[in-house]
Amino acid sequence: MPIITYRQALNDTLGEELARDPNVFLMGEEIGKFEGSYKITEGLLSEFGSKRVVDTPIAEEGFVGVAVGAAMLGLRPVVEIMTINFILVAIDQIVNHASKIHYMFGGQARVPMVIRTPSGGVGQLAATHSQSFENWFAYCPGLKVVAPSTPYDAKGLLRASIRDDDPVIFIESLALYETKGEVPENDDYVLPIGTAEVKREGTDITVVAYSRMTVIAMQVAQQLEKEGISVEVVDLRSLRPLDRTTIVESVKKTNRAVVIEEDWYSYGIGAEIAATIQELAFDYLDAPVLRVAGVEVPLPYAAKLSQASKPGAQDLKNAIYRVLQGGKRWQK
Amino acid sequence: MAKSTKSQEVDVASNGYSDLTNENPEELRNYYYQMLLLRRFEERTSEMYTKAKIGGYCHLNLGEEATIVGLMAALTPDDYIFTNYREHGYIIARGVEPGPVMAELFGKETGVSRGRGGSMHLFDANHKFMGGYGIVGGQVPLATGAAYALRYQERPGIVLCQMGDASTNIGGFYESLNLAALWNLPILYFIVNNGYGMGTSVAEGSSEPDLWKKGSSFRIYGERVDGTDVIAVRDVTRRLRERAEKEHKPAILDVVSFRFRGHSVIDPDRYRDQEEVRRERMRQDPILRFSEKLTQNKIVDEAWLKEVAERVEVEVQAAIDFADKSPDPKIEDLFDYMYATPVPNTPGRAEALEIAQQLGGAR
């Protein structure tokens, strides 16, 4: 199987879907001539033309709303929001409109659209360019939210999202774009939205993660294997709908769990996972569920401060050790 | 009347009404009938609200009847309509039966949005009535997107984006104007200017109170029209609609009328001088103005007016009866329409049944 980057997987999928369905079109800032701020749409304008690959002015509320309205008439827009930080000015169109139109009008209109956007931070992007807001959208019934961690999943989930008749928020990560993985050629596979995957089987502890944190979880699992600790990694893939069954089944087997997430600690995805586990698998737990998450500050610019604020492999290891020791109170 | 058009192209006399001499009398009588239907529908809606048959927020079209009927007379079946939350009259004048509209207000399964939307969220796909929207200005980018789709698919028709005067102050309006002009979209922004956004007057809320000028930074053409003159509204809408469809040029129409009551049924309207409200209501009553004009032109007589009033009374009562007798949506259908494409791990009938059985719907 060919090994390609996450970026390439996205680029290939967008191209294939544009070729497959004339109602699919791309819309966003700098996606055409500039070929995308992160080059996800490289080459697509020259291949498909300006009707299918539409450069927009900086007007997120406007063009996200335009995409919703166009979707209501049967088009299938795939919108790029340069990073999730810029989605906030469009949130009314997503939360008050896209997510509600099908239900609120009794099923008479569909909103088949995708919003792709990278979440989280790398390097020293500082406070306004490093945030994780996927939980804001995962909170909202009517939306679907996916967050693939590998090139294979990115391709299968992007296909599924574009072909789905509901609004899908497709969470990417700047730090994942260069990661590589196996992706089959000439295989029109689609991954089901709403299902998690056990990315690695283990017996001692479950680590629940998504997007970039899954990659960290897999690395940690590999390292801990040498220490005799068997880590099972559950990759959520989909944040809404949430596959509670896969999480709970894993915890029933391992009896311990840690959640790692890039967003802030309070009110994050991890809180939802921990609550799910205590509601549905309390009697199976041998230790409290711990969360590894971002420190609750506006992310500082200085390299040392920035690094200290973001969750990483060492945090996850420490949490795993604590849980395996019986679950003493987490003191970071 | 001081609210004449400012346009060089349309000439509504400053104190007069459109000339009816060359109009089709049957059409005129039909306009009158529709206006009266909307009037009685809203008056009875208000009554149903006080009887607690209707919940939530409820905004009436009283005083807006000529605006609505004139607009709908100008649109074609190809056109899509997006409106704000003050839209009962719009969906009826577009051709949807009053019964399912009243049923929606009553929260019934037979309602135009199956009881899921309510007063502010009426929808009828068959009539291309693409929704009333409860968030001020929320429909403006959506309507712009629908116009984008028409252009993309090279289909005939335009999008009519109805909106209130105060929604010309939100950011999404300007982003939409910019995109509509950049992309040459077939859309008409139809501003129902009743002078007030809740309790804030146009002059208090907009640094440019001539709302038809608000597209000038985007090179979007605008006009103002007397919204109490059904013929004037129809004619200018027709012209701008044609222009939008044929030349793909968006436009703004500032349609001035007078809001008869408070912002919504529960608003006591304390911020307006009630003496003035009474005076203006008489002066700017679109139905009164039209019936006087029709009578003067001998297009209708007293007997006909009485007959129409009786007919409308019966029709609105029938709508209320229909709504009253219609079934409530079932709790076991609570999760229906949640997603258009079913995916795993979403609640469905089983979960809804559980809620129905455990709680009997009372939480």
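These are my notes on the domains and a few backbone details of chain A.

**Model.** I am working with a predicted model, and I kept that in mind throughout.

**Domains.** I looked up the division of chain A first. I found domain 1 at 3-182 and domain 2 at 197-324. I then checked the spacing, and the C-alpha centres of the two domains of chain A are 26 Å apart. For the contact, I noted 24 residues on the domain 1 side and 21 residues on the domain 2 side.

**Domain 1 face.** Which elements of chain A each supply at least two residues of the side of domain 1 that touches domain 2? I have α6 (134-138), β6 (144-146), α7 (151-163) and β7 (168-173) of chain A on my list. I sorted the residues of that side by type too: twelve are nonpolar, nine polar and three charged.

**Cis peptide.** I looked at the bond joining A:Arg240 and A:Pro241, and it is cis, with omega about -5°. I placed A:Pro241 in the loop that runs between β12 (238-240) and α9 (244-254) of chain A.

**Positive phi, A:Lys39.** I noted a phi near 60° here, a positive value in a residue other than glycine. A:Lys39 sits in the loop between β2 (24-28) and α2 (44-48) of chain A. Is A:Lys39 exposed or only partly exposed? I count A:Lys39 as partly exposed because it has 15 C-beta neighbours inside 10 Å.

**Positive phi, A:Asn186.** I found a positive phi of about 50° at A:Asn186, which is not a glycine. Its place is the loop between β8 (180-182) and β9 (197-200) of chain A. A:Asn186 has 4 other C-beta atoms within 10 Å, so I put it down as exposed.

Definitions and conventions:
Residues are numbered from 1 along each chain as its sequence is written. Chains are lettered from A and ligands numbered from 1 in the order in which they are written. This is a predicted model: local features need pLDDT of at least 70, side-chain atom pairs count only at pLDDT 80 or more; totals for chains, interfaces and linings use all residues. Domain bounds come from an automatic or database domain assignment. Two residues are in contact if their C-beta atoms, placed from the backbone, lie within 7 Å. Helices (H or I, at least four residues) and strands (E, at least two) are DSSP runs, numbered from the N terminus. Ala, Val, Leu, Ile, Met, Phe, Trp, Tyr, Cys and Pro count as nonpolar, Asp, Glu, Lys and Arg as charged, and the others, Gly among them, as polar. A residue is buried if 20 or more other C-beta atoms lie within 10 Å of its own, exposed if 12 or fewer, and partly exposed in between; C-beta atoms are placed from the backbone.
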